[in-house]
Amino acid sequence: MKYKVLKKQNSSKTCLVCGVKNDLGLKARFYQLENGELASIFNSKEFHQSYPGRVHGGISAAILDETIGRAISVSDETVWGVTGSLELRYKKPVPIDCDLITVARVTRDTRKLFEGEGEIILPNGEIAVTAKAKYVKMPIDQIADECDMAEEWLPIPDDEPVEYIEIPGR
Ligand SMILES: CCCCCCCC(=O)SCCNC(=O)CCNC(=O)[C@H](O)C(C)(C)COP(=O)(O)OP(=O)(O)OC[C@H]1O[C@@H](n2cnc3c(N)ncnc32)[C@H](O)[C@@H]1OP(=O)(O)O
């Protein structure tokens, strides 16, 4: 099924997952969808692998952590949080050299915490990895006290604007 993109989220400069200047990172892009979910897209590279040809489980954990954590911005972009817990189930190998879609949503939102779930979906529609995570809400200046957000948290120029995202298997 195809979903309309309502907004492309900002990215940071150096984050392992979204950092635009981190050449060894995933350079993932994050898109808010019309159905309230958040989708991320990244292309897995050889240097993300564990066994030959297979994305490292820690990389899958990282993309799920960030996609679920960012899903809170769909309803409130002033909320920031740090990961308190992350539980994963690795169901299928995730291949390298592949455009991978991760989709996430918030399942619980309280004054102090939010929880969410998400999955990495393979191009053939199979769900490769699922995760549930819990975040403790925290003001951004408490998470990163010496960070200048105007320099660190940037809109990404849209060379090729993405208007719709097809989520395989739906
Ligand atoms: C939003 C953008 C997406 C970002 C995605 C990526 C995020 C990251 O990678 S962050 C890096 C990894 N995580 C961290 O560095 C966090 C390190 N840990 C900490 O700073 C602290 O342990 C912290 C803030 C999680 C909790 O601090 P603490 O003083 O224990 O909090 P406290 O006020 O006692 O607890 C608040 C609530 O959170 C719950 N909680 C605390 N720690 C955890 C935990 N690890 N897991 C689950 N729940 C927790 C408590 O049970 C409490 O709930 P309740 O009031 O209902 O009992």
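## Exercises on a sheet, a helix and a ligand

Strand E6 (residues 98-109) pairs with strand E7 (residues 113-121) in the antiparallel sense over eight bridges. The model is predicted: local features need pLDDT of at least 70, side-chain atom pairs count only at pLDDT 80 or more, and totals for chains, interfaces and linings use all residues. Residues are numbered from 1 along each chain as its sequence is written.

**Exercise 1.** Find the bridge partner of Arg-105 in E7.

*Solution.* Start with the terms: strands are DSSP runs (E, at least two residues), and helices are too (H or I, at least four), numbered from the N terminus. Two strands pair if DSSP finds at least two bridges between them. Now look along E7: the partner of Arg-105 is Glu-117.

**Exercise 2.** Work out the strand order of the open sheet, and explain why one side of E5 and of E10 is left without a neighbour.

*Solution.* First, the eight strands run E5-E8-E7-E6-E4-E3-E1-E10, with antiparallel pairing. Next, E5 (81-90) and E10 (164-166) stand at the edges with a single partner strand each, so one side of each has no neighbour in the sheet.

**Exercise 3.** Describe the residues around the ligand by element and by class.

*Solution.* Step one: 14 residues surround the ligand (C-beta atom, placed from the backbone, within 6 Å). Among these residues, Gly-69, Val-82, Gly-84, Ser-85 and Val-136 come nearest. Step two: H1, E5 and E8 each give two or more residues, and E5 gives the most, with five. Step three: sort the shell into four nonpolar (Ala, Val, Leu, Ile, Met, Phe, Trp, Tyr, Cys, Pro), five charged (Asp, Glu, Lys, Arg) and five polar residues (the others, Gly among them).
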